[in-house]
Amino acid sequence: MRADIFNELACQDRPASAYDIAESLSARRGKRVAPNSVYRILDLFVANNLANRIESANAYLVNTHPGCRHDCIFVICDDCGSARHLDDDRVTGALRQAGQGAGFANIRPVVELRGLCGDCAA
Ligand SMILES: [Zn+2]
Ligand SMILES: [Zn+2]
């Protein structure tokens, strides 16, 4: 089940929701797969750094750079739904500092930018 879900996620060219994955997996297996069990496994992938969660799209993406030690920033296209990742330690460093200044510990910046990708803007 885990391997199937991972393969399904890896086939997607843009962030996919647990429902998307459950639907295509159900079609492939000819048997209904519950989105709830897909959710649990996707969150497990995120916890193990195998996948990233795109909060603003409620969707998941295979982690193409599991060794990244930066706080990843995602840019997501409002039109085609594609997502790219970038690292900018100045931005996320400032956010971490702001959080620490507010008395928070174990800070994990979640930064997402929405807009139009180069293809859609052209
Ligand atoms: Zn990164
Ligand atoms: Zn686009």
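The face of helix α2 that is turned away from its buried side carries the exposed residues Tyr19, Glu23, Ala27 and Arg28, and this helix is a convenient place to start reading the structure, which is a predicted model. The buried residues of α2 are Ala18, Ile21, Ala22, Leu25 and Ser26. Seen down the axis of the helix, these buried residues fall within an arc of 130 degrees, so they line one face of α2. A general property of helices helps to make sense of this: an α-helix has 3.6 residues a turn, so residues three or four places apart point the same way. As for what lies over the buried residues of α2, the covering elements include α1 and α3.

The length of α2 can be checked as well. With twelve residues at 1.5 Å a residue, α2 should span 16 Å, and its end C-alpha atoms are 16 Å apart, which agrees. Just after this helix comes Gly30, which takes a positive phi of about 65 degrees.

Helix α1, made of residues 2-11, can be read in a similar manner. Its residues Ile5, Glu8 and Leu9 are buried, and because they fall within an arc of 100 degrees when seen down the axis of α1, they line one face of the helix. On the other side of α1, Ala3 and Cys11 are exposed. The buried residues of α1 are covered by elements that include the helices α2 (18-29) and α3 (35-47), together with the strands β1 (51-54) and β2 (59-62).

Aromatic side chains offer another way to see how parts of the chain meet. A pair of aromatic rings is described by the distance of the centres and the angle of the planes. How many aromatic pairs does a search of the whole structure find? The search finds two. In one of them, the rings of Phe6 and Phe45 have their centres 5.4 Å apart and their planes at 90 degrees, so the pair is edge-to-face. This pair links distant parts of the chain, for Phe6 lies in helix α1 and Phe45 in helix α3, 39 residues apart. Phe6 counts as partly exposed at 26% relative accessibility, whereas Phe45 is buried, with a relative accessible area of 6%.

The rings of Tyr39 and Tyr60 have their centres 6.5 Å apart and their planes at 80 degrees, so this pair is edge-to-face too. Here again distant parts of the chain are linked, with Tyr39 in helix α3 and Tyr60 in strand β2, 21 residues apart. Tyr39 is partly exposed, at a relative accessible area of 24%, while Tyr60 is buried, with a value of 1%.

The last stop is the zinc ion (ligand 2), which is coordinated at 2.3 Å by the SG atoms of Cys77, Cys80, Cys117 and Cys120. Why is the arrangement of the four donor atoms around this zinc ion called tetrahedral? The donors subtend angles of 105 to 114 degrees, and four donors count as tetrahedral if all angles lie between 85 and 135 degrees. For comparison, the ideal angle for four tetrahedral donors is 109.5 degrees. In sequence, the donor residues of the zinc ion (ligand 2) are spaced C-x2-C-x36-C-x2-C. Distant parts of the chain are linked here, since Cys77 belongs to strand β3 (residues 72-77) and Cys117 to the loop between β5 (111-115) and α5 (118-121), 40 residues apart. Cys77 itself is buried, with a relative accessible area of 2%.

How values were computed:
Residues numbered from 1 in each chain as written. Chains lettered and ligands numbered in written order. Predicted model: local features only at pLDDT ≥ 70, side-chain atom pairs only at ≥ 80, totals over all residues. Heavy atoms only, no water. Donors = N, O, S within 2.8 Å, 3.2 Å for Na, K, Ca; no water. Tetrahedral: all angles 85-135°; square planar, octahedral: opposite > 155°, others 65-115°. Helix = DSSP H or I, 4+ residues; strand = E, 2+ residues; numbered from the N terminus. Buried < 20%, exposed > 50% of the residue type's maximum accessible area, 1.4 Å probe, protein only. Arc of directions from axis to C-beta. Contact = heavy atoms within 4.5 Å. Phe/Tyr/Trp six-rings, centres within 6.5 Å; stacked < 30°, edge-to-face > 60°. Expected span 1.5 Å × (residues − 1).
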